Amino acid sequence: MATAARALSTATTTAPATPPDNRVTWAVEIITHIPKYDASDIGLLLTVISTKGERREAPLKSTKPPEQVERRGADSGEDLPGRRDSFAIKLPAGFEPAAIWVEDKDDLGDKIFQRDGDLDDLGDKIFQRDGDLDDLGDKIFQRDGDLSRLFLKVVILRAASSTVTFIANTYISTEQGERQFIRDDAFSNPELAKEKVQEVLIKLMAEELLLLRGEGANQNQALDLPRSDPDRIYRYAIYNDLGGDVAKTPKNIRQPLGGSAEFPYPRRLDTNRKPVIIDGKPSIYEQPPATADAALVNPGVFRSILASIAEKLPPGLRALVLGLNSVAPVSLAATPWTPQDDNFDVDKTRGFIGNAVSGVLPGALVSIDAAVGQKIPPPLRWLLQKLRVIPGDEFDSVEEVLSLYDRGAQGPWSALSRKLEEAEAGRLSGRTGKATADKGGDVLDMLKYDMPQSLVNRLDTWPTDEEMGRMYLAGQNPLTIEVLDPERLAQLLKDSAGIREAEERIRERHLGGKSLEEWAAAGEEAGAQPRLFIVDYWAVFGLLDTLEAANAGSNRVMHAGRCVLFRRSDGHLVPVIIELAHSSKAAPVTYTASDPAAVWQVAKLIFQSVDSGWHQLVAKLIFQSVDSGWHQLVSHWLRTHACTEPFLIATRRQLPAAHPMFRLLMPHFRYTLPINAAARGSLINAGGVIETNFSPGPFSMQLSSIVYGMTWRFKEEGLTADLAKRGFLDSKGGLRIKDYPYAEDGLLLWGALKEYFEAYVELYYKTDKAVQNDTWLQAWWNEVKTEAHKDANASGWVDLDSRSNLVLAALTIAWVASAHHAAVNFGQYDYSGWMPSHSPLCRRPAPAQGSEAWQKLASKGVSSSEMFTYIAPPATATKVMSTVKLLSAHAQDEQYLSTNAQDWLPLESDARVAAIFEAFVAQITKEAAPEIERRNADPANISRNPASQGMAYRLLYPSSGPGVTMQGVPYSISI
């Protein structure tokens, strides 16, 4: 096996022998993180490379037994296990370390990770201690049992007058040979800036980057083989793997995204899987992962958990739960390979399994009933429906939707629980166990969804115009609302005759007698706040050929839509005009607040156990369904997940690990690769959750591609640029309106990150010229533009020619991965978890004025069941609810902006960096967080104050505990 040492032999020489009395003793401290503490010999071989290029193998002589150390989990109070090993080595006098090579030579990894490779029989082992999952971590990642692997955190060398730190943060294995690490002050220590030293460092770092780009001589990283666990190769690929094995299932062929002007897209990580063979020839489509590839959640583990749960249920329900594996919302089979350094760690994996179980279980009864309902005895199915444990094939009422949720003694589920008292309550560990314990330990309660926070103590607000308007300022998708200024309005009226006609119907009653033009002009006056706004999805969803194709012969109807909103004098933002179209053969339909009540809103629907009236706008249902699709495909997937992945790849390929910008950016990439890989395997793929359950169906990713080409510009992705583009900032950069929680709280976090990044950049770059002359940095940015986002509009980039532009570039990447993602992700369950107002699927076209469907809605005594024929049925609703519950959950090991620790920064060895980081954390925790709390308590902020029909906005509150909390801003795209 060609090792890193041999590959780098031209850069180093072996130090000449030194007399024993002229050697210096160095203390060596090695910190590793392992799933379970183990005191076995660590078995590492250390080679030290000097600043002169000399190298010295340094046998590690233990000076004391290994110690268990704790790494504090991010804001969670969870201690993660690890160990500290102490050694002594001898180096020649004057031998100043520049780099080290570390090789795992022993079988410690086998002792820690040992298993038989078959996880299907883990159930008995997992649940031996009352469902304790503590021993699960060492059984997750591996399948072959012969790969030694441990996580190397840091290596510290100390002599009498020198301390040198090597930050590693990597998994090492016996199959990788020597691994190289550069000292953490390589870019800041003036002594290392000498020409001869730089030659050594540059050669070492350049060779390491060659390996990461797959261009180095290492037989473990053969480019003609699919990737395997030890590989550390970062290369680009287009999205040509969404259809699976299309030779066997041609209906799953999907348009490859990326690499063409027609379908531009960000690049993904290349996994080097072979092309699908079609008609005896290699195709442009990539094969799906082999079953031996890494699985995000092992099927055997999941099945074992289900079996243990089922054992505690009455016989009639046991079959339902055992069938859950077939309807789980996450891929439990193989997912595409990702490098181990970017994968979930053991604690994250354990939490993911717990959240998957708790997320899937509530939808089990509905989903399995839909999938295998014919196998359920008819009497039992009838009883479950009568008790509202499961709905029928359709929702007939709002009360039937509410029956899906745990409402305590108020809900019909409690009646079934009493009938099944003989079923012993089961307990599970982790988050699921806590939820069970909080509900008294009844495992049956786990089969109900938690009530979304958007409904708690405000059940009567969800169907109102005020709530719809509030959600565009403080809901799960607050990034699409725009100020409707005179120029924008003129274009709108030119494009749509229906908007002008609709305005005439509402001018007196809903616009105070003024025209749209008058309100738009009034918002431009000095000191005035805008009163007119628009949410517009017409340009993309309105592509008529796409609409026709998407709606042809399907049981779903995709609409183009736009909504004009007006801010009343009482401060409430409300919709006043909605325009919808589903076909080029039918004229667009425009709805207003002056239309018949049952079309604009189904009036006074009274339901069992609900005392208040329910009003629901059918036009709003359809438009908010369009919004749900845009939220998932654009605001969430495209702008955060898909667009961040290529930045990560470029960073790994072009910036040495010791580079200051690598250190600054890496926390914002944590877990992005495995999450995106899992999404390609089960969410955005052909037949995945998005295609199956959202209105755009098979055209979903094509629409995402169209938006990328039409609208994505890097320099507009930062918060301030985005707000300015949408008309919300004045000429001085101030916010033009009050009570826009996403923008207000976002500016707090943006400002804190900006100050942090500015101070950090100034440490390493004293002039703009220093930025221009950093060849590593310029190569990185050039690759971002020409490879990572090769298809993006060339005019949308900033030039990396100054410190301010470097700050802006890094800040934009960090913002998208942290606060932008948090704002659109961690509120998903608490908004989309209530299907009627965020239906993923629309099944009927918007009724044209005067049509039979229109007349039926407007007729007296209209049943609420008519309303539900337009939106998602129970099986679709619960599938999406289970998915977004999983996506909305924080892990136990989450790293938030408020976390007072950082894995990559040299906080222990560089007091200047530590001071800057501590100032940032203090600004987040002592200024931003209290200010958000103060704003939520201010009655003047009606959109976020519960006393004013609002809801506390906490999606940008910096910290959180684990689980679905509707708050917390991690550094990275995380679930």
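**A guided tour, starting at Asp830**

Select Asp830 to begin: this residue is buried, with a relative accessible area of 3% (buried means under 20% relative accessible area, exposed over 50%, and partly exposed in between, using a 1.4 Å probe and protein chains only). You are looking at a predicted model, where local features need pLDDT of at least 70, side-chain atom pairs count only at pLDDT 80 or more, and totals for chains, interfaces and linings use all residues. Residues are numbered from 1 along each chain as its sequence is written, and side-chain values use heavy atoms, with hydrogens and water left out.

Asp830 sits in helix 29 (residues 828–832); helices (H or I, at least four residues) and strands (E, at least two) are DSSP runs, numbered from the N terminus. Now show what surrounds Asp830. Not counting residues up to four places away in sequence, Asp830 touches Met451, Pro452, Gln453, Ser454, Val964 and Met966, where contact means heavy atoms within 4.5 Å. Zoom in on Gln453: its backbone nitrogen lies 2.7 Å from a polar atom of the Asp830 side chain.

**On to the sheet**

Next, select strands 15 to 19. They form an open sheet of five strands in the order 15-16-17-18-19, with antiparallel pairing (two strands pair if DSSP finds at least two bridges between them). At the edges are strand 15 (482–483) and strand 19 (589–592), each pairing on one side only. Inside the sheet, strand 17 (residues 560–567) and strand 18 (residues 573–581) are joined in the antiparallel sense over eight bridges. To see one partnership, pick Leu565, whose bridge partner in strand 18 is Pro575.

**Leu484, in a loop**

Select Leu484, found in the loop between strand 15 and helix 13 (486–495). Is Leu484 buried or exposed? Leu484 is buried, with a relative accessible area of 2%. Leaving aside neighbours within four places in sequence, Leu484 has contacts that include Leu489, Phe533 and Val564. Add Val535 too: its C-alpha atom is separated from that of Leu484 by 9.3 Å, while the two residues are 51 residues apart along the chain.

**Last stop: the cores**

Finish with Met661, Trp780 and Trp781, the residues with the most contacts inside the largest nonpolar core, which has 184 residues. A nonpolar core is a set of buried Ala, Val, Leu, Ile, Met, Phe, Trp, Tyr and Cys residues joined through side-chain atoms within 4.5 Å. Helix 19 (residues 618–654) supplies the largest share of this core, 17 residues. Apart from this core lies another, of 24 residues, among them Phe87, Ile100, Val164 and Ala168.

Definitions and conventions
Polar contact = N/O pair within 3.5 Å; in protein donor to acceptor, adjacent residues only side chain to side chain.
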